[in-house]
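This report walks through one protein model for a reader who has not met it before. Please keep the sequence and the structure at hand while reading.

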Amino acid sequence: MNTVGIIAEYNPFHTGHAYHIRKAKELTRSDCAVVIMSPDFVQRGEPAIFDKYARAEMALRCGADLVIELPVCYATGSAEYFARGAVTMLDRLGAVDALCFGAETDSAQLFETVASLLCDEPQPYRESLRESLRQGKTFPQARSDALCAVLTDRMAEAGLSEASAALSRFLETPNNILGIEYCKALRHLRSRMEIVPVARRGNSYDSKSLSGSFCSATALRETILDESEFLSDELLSDNTWARMKQYIPEECWKQFRALCAFPMTSQELDSCLTLRLLDDAVTGSIRCEETAILDLSSELADRMGKLRYELAGKTYREAVARLKTRQLTEARIRRALLHLILNIRTDDVKQYLENGTVFYARVLGFRKSAAPLLHEIKKRSVLPLITKTANASFTPDGCAARMWESDVYASHLYRSIRQIKYNIPFRTEYEYSPVIIP
């Protein structure tokens with residue numbers, strides 16, 4: 001049985017994602033697709049617009065065979081952490097043959113070449129990186145400049161002819177950056193999985209336009225949220241529904257339309273952030289190395305400490321904008337603030353990475369026809385496969401227990417916020433079962 005792995009957020013799921021699942025199976029000649037999917041909070045440093053079970057169900061209806069939850073500490077982390085957690089999980093399942101990801105290019109060799117350089121970090125690269133950082137550039141900018149400065153010769157040796165400008169563009173897009181991190185993680189693990197990039201089709205990842213053959217998830221989120229004040233079909237314009245419908249798989253349209261009445265946004269984190277900022281114990285500990293919040297650098301921690309009363313009562317987006325500097329990107333700040341709210345700490349993640357990275361595979365859903373795949377994973381996996389949350393059991397105070405508690409807390413926070421906003425009855429993680437599609 002050939003199995004392909006996919007790493008995704010599906011925030012929200014659309015026709016481009018359905019195309020990717022089909023293409024992944026086709027290119028790898030796989031019988032099954034295993035998706036490692038972000039939970040109720042995503043890498044943007046925000047809540048997912050729809051909950052994890054809804055997004056998992058959409059993926060299963062459109063070709064995925066098994067959906068597994070990515071622990072929240074990795075799902076909300078930088079590209080490096082996101083990739084490390086997800087790739088490790090796929091590798092430890094023991095039954096995945098290839099990793100297929102969307103990117104701006106389908107050149108596997110280019111991804112491997114760049115990843116190799118970043119793993120080796122030759123002296124010219126380190127010197128160029130230090131010089132760019134001294135010039136006041138952000139780390140992503142400095143890394144891109146350093147890579148461009150030293151990659152030309154390597155690419156020529158590898159038979160790649162991309163010009164410096166093209167290489168710079170390659171290093172700027174989030175999908176490509178994630179692809180590089182996937183390759184680095186595979187090298188670190190000495191994994192047998194091959195990489196299969198699929199060239200992106202349709203609009204760019206950050207396009208806000210509902211146009212072209214495939215739109216972006218950003219465009220769908222923007223459209224949903226622009227009209228989220230209208231909570232019934234009668235008040236939503238027929239034109240809006242018609243524009244969105246062409247980008248949602250037919251199998252998911254009814255579910256998608258119902259979910260549009262209950263979208264979750266960063267706005268729902270406003271009061272959570274204020275409570276954390278006003279807690280003296282919290283603001284005192286965020287500067288302490290032993291209790292540092294993930295992605296919260298000393299520079300950002302000092303800035304937050306000085307501005308905390310000014311930030312209190314501000315919206316999540318206003319706080320991000322106020323904290324932004326030349327060296328601190330909005331993406332980094334959003335992740336740090338979310339980690340502060342969720343209490344995701346650097347020392348915990350460091351221990352996770354040192355002790356195995358991931359410790360269980362939480363199943364969000366599967367197709368009934370995937371029974372042979374589940375059997376194969378149970379036979380080969382070094383991770384316990386959790387299908388019944390109530391049966392999950394870990395050694396107290398161990399890494400697995402702390403990771404599990406963090407995942408459960410994040411989901412409970414998401415549902416409590418949703419209950420307050422939309423009066424949707426609260427259910428604990430232990431009351432949920434995996435989504436099963438015939």
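The protein contains 20 helices and ten strands, and what is described here is a predicted model. Of its 438 residues, 57% are buried, while the accessible surface of the protein amounts to about 19,200 Å², with 48% of that surface belonging to carbon and sulfur atoms. Among the contacts in the protein with a separation of 6 or more, 75% are accounted for by residues that stand 24 or more positions apart.

**Two residues in the loop between α12 and α13**

Two residues in one loop illustrate contacts and distances across the chain. Leu269 is found in the loop that runs between α12 (253-259) and α13 (270-278), and Pro263 lies in the loop between α12 and α13 as well. Leu269 counts as buried because its relative accessibility is 0%, where buried means under 20%. Pro263, with a relative accessible area of 0%, is therefore buried by that cut-off too.

Leaving aside residues up to four places away in sequence, Leu269 touches Phe41, Gly45, Pro47, Tyr316, Leu338, Ile341 and Ile417. The table gives, for Leu269 and for Pro263, a partner residue with its distance along the chain and in space.

| Pair | Separation in sequence | C-alpha to C-alpha distance |
|---|---|---|
| Leu269 and Leu413 | 144 residues | 9.9 Å |
| Pro263 and Asp51 | 212 residues | 9.0 Å |

**Helices α18 and α20**

How do the axes of α18 and α20 cross, and at what angle? The axes of α18 and of helix α20, which spans residues 399-422, come within 10 Å and cross at roughly 130°. Angles from 65 to 115 degrees count as roughly perpendicular and those over 145 as roughly antiparallel, and the angle between α18 and α20 falls in neither group, so the two helices are oblique to each other. The crossing of α18 and α20 is left-handed.

On the side of α18, the residues that take part in the meeting are Asp348, Gln351 and Tyr352, and they face Cys399, Arg402 and Met403 in α20. Sorted by class, this contact of α18 with α20 has three nonpolar, one polar and two charged residues.

**Backbone features in three loops**

The remaining points concern the backbone at particular loop positions. The peptide bond that leads from Asn11 to Pro12 is cis, with omega near 0°, and Pro12 has its place in the loop between β1 (3-8) and α1 (15-28).

Two residues that are not glycine have a positive phi. For Asp295, phi is about 75° although the residue is not a glycine, and Asp295 lies in the loop between α14 (280-285) and α15 (298-311). For Asn343, also a residue other than glycine, phi is near 60°, and this residue lies in the loop between α17 (330-342) and α18 (346-354).

Are these two positions buried or exposed, or something in between? Asp295 counts as buried because its relative accessibility is 11%, and buried means under 20%. Asn343, by contrast, has a relative accessible area of 34%, and is therefore partly exposed, as this value lies between the 20% limit for buried and the 50% limit for exposed.

Methods. Residues numbered from 1 in each chain as written. Predicted model: local features only at pLDDT ≥ 70, side-chain atom pairs only at ≥ 80, totals over all residues. Heavy atoms only, no water. Helix = DSSP H or I, 4+ residues; strand = E, 2+ residues; numbered from the N terminus. Buried < 20%, exposed > 50% of the residue type's maximum accessible area, 1.4 Å probe, protein only. Contact = heavy atoms within 4.5 Å. Areas by Shrake-Rupley, 256 points an atom, 1.4 Å probe, with all protein chains shown as cover. Axes fitted to C-alpha atoms, helices over the stretch in contact; angles between N-to-C directions. Parallel < 35°, antiparallel > 145°, perpendicular 65-115°, else oblique. Left-handed = near helix turned anticlockwise from the far one by under 90°. Nonpolar A, V, L, I, M, F, W, Y, C, P; charged D, E, K, R; others polar.
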